[in-house]
Amino acid sequence: MSVKETIKKRRAYRSLVPVEITRDLIEDLAEMVRITPSCANKQPWQFVFVYDKELLKELFTVLSGGNKWAEKASMIIAVFSQPENDCVLGERLYYLFDTGMATAFLILRATELGLVAHPIAGFKENPAKEILGIPRDKRLITLVIVGKHSEIINPVLSDSMKLGEKQRPPRKSIDKFTYINKVKELIS
Ligand SMILES: Cc1cc2nc3c(=O)[nH]c(=O)nc-3n(C[C@H](O)[C@H](O)[C@H](O)COP(=O)(O)O)c2cc1C
């Protein structure tokens, strides 16, 4: 599958069925993170691959109400970092950028392997960190929900989420965020 095909195939699906999680899979995904570029090669990211059933059950309790669909996860990947782990150039803090890139590479590899890897922000940060042993001063940026896509729509989904299973949510047109050579008129 080409990079372009993988990017197009990736979707934030919310109807999941179980998939077997192996050490090989985790190592494969971790390797994609390992070779991601970062500012001054700082590699600010930390990833926790959670597939222990009891821990998953605990994590389900910290998800926000709209994320009940994630209880079908076979694995949850917790992604954390902190600003000091990466370049701070005046007001430019690179830890979220670099960790986001690494997460994107992981998500694309998971997609190529036929998995759903859906990042979420809807969770309670401190309780999640406590469950996973992540120190309080770190920023838990996202939980990536991993499973296999099911054509059978998860009944816990809202109507708009159900629609999202069938078609990609609309995007801005390219001319709304693209400039050629110079920003002449800012489009918000
Ligand atoms: C940082 C981030 C946080 C997100 N948080 C949630 C979330 O809490 N719950 C959820 O159902 N989807 C969440 N999503 C998924 C987005 O809603 C989804 O990517 C967007 O609607 C576009 O759909 P698509 O990824 O299928 O193209 C999140 C995505 C990102 C990148």
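Where is Ala40 found? Ala40 sits in the loop between helix 2 and strand 2, and that loop is a good place to start a tour of this predicted model.

## The loop between helix 2 and strand 2

Ala40 is worth a look for its backbone: phi is near 55 degrees, a positive value in a residue other than glycine. Most residues other than glycine have a negative phi. Ala40 is also exposed, with a relative accessible area of 62%. Gln43 belongs to the loop between helix 2 and strand 2 as well, and although it is not a glycine, Gln43 has a positive phi of about 50 degrees. With a relative accessible area of 36%, Gln43 is partly exposed.

Ser38 is placed in the loop between helix 2 (23-34) and strand 2 too. Is Ser38 buried or exposed? Its relative accessible area is 13%, so Ser38 counts as buried, since the cut-off for buried is under 20%. Leaving aside neighbours within four places in sequence, Ser38 is in contact with Gln43, Pro44, Trp45 and Asp98.

## Helix 3 and its two sides

At the N-terminal end of helix 3, Asp52 acts as a cap: a side-chain oxygen of Asp52 lies 3.1 Å from the backbone nitrogen of Glu54. Further along, the buried residues of helix 3 are Leu56, Leu59 and Phe60. Seen down the axis of helix 3, these buried residues fall within an arc of 105 degrees, so they line one face of the helix. The general geometry helps here: an α-helix has 3.6 residues a turn, so residues three or four places apart point the same way.

The face of helix 3 turned away from the buried side carries the exposed residues Glu54 and Lys57. What covers the buried residues of helix 3 includes strand 2, strand 3 and helix 5.

## Helix 5

Helix 5 spans residues 125-132, and Ala128, Lys129, Ile131 and Leu132 are buried in it. Why do they count as being on the same side of helix 5? Because they cover an arc of only 160 degrees around the axis. The cover over the buried residues of helix 5 includes strand 2 (46-50), helix 3 (53-60), strand 3 (75-81) and strand 7 (139-149).

Just after the helix, the chain continues with Gly133: this residue follows helix 5 and has a positive phi, near 75 degrees.

## Aromatic rings

How many aromatic pairs are there? The count comes to 2. Phe47 and Phe49 form a stacked pair, at 6.5 Å centre to centre with 25 degrees between the planes. In Tyr94 and Phe97, the ring centres are 6.2 Å apart and the planes are at 85 degrees, so this pair is edge-to-face.

Burial can be added for two of these residues. Phe47 counts as buried at 18% relative accessibility, whereas Tyr94 is partly exposed, with a relative accessible area of 21%.

## Around the ligand

The ligand is surrounded by 14 residues, the closest being Arg11, Ala12, Arg14, Asn67 and Arg171. For Arg14, an N or O atom in the side chain is 2.6 Å from an oxygen atom of the ligand. Arg171 has a polar side-chain atom 2.9 Å from a ligand oxygen atom. For Trp69, an N or O atom in the side chain lies 3.4 Å from an oxygen atom of the ligand.

Arg11 has a ring partner as well: Arg11 lies over the face of Tyr13, at 5.1 Å from the ring centre.

Note on methods
Residues numbered from 1 in each chain as written. Predicted model: local features only at pLDDT ≥ 70, side-chain atom pairs only at ≥ 80, totals over all residues. Heavy atoms only, no water. Phe/Tyr/Trp six-rings, centres within 6.5 Å; stacked < 30°, edge-to-face > 60°. Buried < 20%, exposed > 50% of the residue type's maximum accessible area, 1.4 Å probe, protein only. Lys NZ or Arg CZ within 6 Å of the ring centre and 35° of its normal. Helix = DSSP H or I, 4+ residues; strand = E, 2+ residues; numbered from the N terminus. Arc of directions from axis to C-beta. Contact = heavy atoms within 4.5 Å. Near = heavy atom within 4 Å. Polar contact = N/O pair within 3.5 Å; in protein donor to acceptor, adjacent residues only side chain to side chain.
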